[in-house]
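Work through the exercises below with the sequence and the model in view. Each task is followed by a solution in steps.

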Amino acid sequence: MREGNILRILGKAEEAIKVQKLEIEAARNSEDEITLARAVFSSAIQNISSGNINDGTPTLEEALQEFSKGDSFDHKQGAGWIWIIRADIITQE
């Protein structure tokens, strides 16, 4: 996740997207729902931060679905992050 963020900040969006795909694949293989939810959320933020809101928004909704699968602090916190990002997107439209 951090590698993808650094690559995006450095203006290397294509490399960042490749790293994000590997991150999601590894998260799916981990079979840990919080790890997967965070990876999908990270991918959504990567897209949104790169100005690709059309791809980022559905990915953000996928992350919300993943975070909504549980009731732990981490699940609730992740869902809260998504509501914050949604609000940011709406105020920028």
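**Exercise 1. Burial and surface**

Find what percentage of the residues of this predicted model count as buried, and describe the accessible surface.

Solution. Step one: the protein has 93 residues, and 38% of these count as buried. Step two: its accessible surface comes to about 5900 Å². Carbon and sulfur atoms make up 53% of that surface.

**Exercise 2. Fold and dimensions**

State the secondary structure, then decide whether the radius of gyration agrees or disagrees with that of a compact globule.

Solution. Step one: there are five helices and zero strands, which gives the pattern α-α-α-α-α along the sequence. Step two: the C-alpha trace spans about 35 × 35 × 20 Å along the principal axes. Step three: a compact globule of 93 residues would have a radius of gyration near 12 Å; the protein has 13 Å, so the two agree.

**Exercise 3. An aromatic pair**

Classify the ring pair formed by Phe 41 and Phe 67, and locate both residues.

Solution. Step one: the count of aromatic pairs in the protein is two. Step two: in the pair of Phe 41 and Phe 67, the ring centres are 6.4 Å apart and the planes meet at 70°. Planes over 60 degrees apart count as edge-to-face, so this pair is edge-to-face. Step three: Phe 41 belongs to helix α3 (residues 33–49) and Phe 67 to helix α4 (residues 53–67); the pair, 26 residues apart, links distant parts of the chain. Step four: both Phe 41 and Phe 67 are buried. Step five: together with Trp 81, Phe 41 and Phe 67 form one aromatic cluster.

Technical notes:
Residues are numbered from 1 along each chain as its sequence is written. This is a predicted model: local features need pLDDT of at least 70, side-chain atom pairs count only at pLDDT 80 or more; totals for chains, interfaces and linings use all residues. Side-chain values use heavy atoms; hydrogens and water are left out. Helices (H or I, at least four residues) and strands (E, at least two) are DSSP runs, numbered from the N terminus. The radius of gyration is taken over C-alpha atoms; the globule rule is 2.2 Å times the number of residues to the power 0.38. Buried means under 20% relative accessible area, exposed over 50%, partly exposed in between (1.4 Å probe, protein chains only). Accessible areas come from the Shrake-Rupley method with a 1.4 Å probe; for residues, only the protein chains shown count as cover. Rings of Phe, Tyr and Trp (its six-membered ring) pair if their centres lie within 6.5 Å; planes under 30 degrees apart count as stacked, over 60 as edge-to-face and the rest as tilted.
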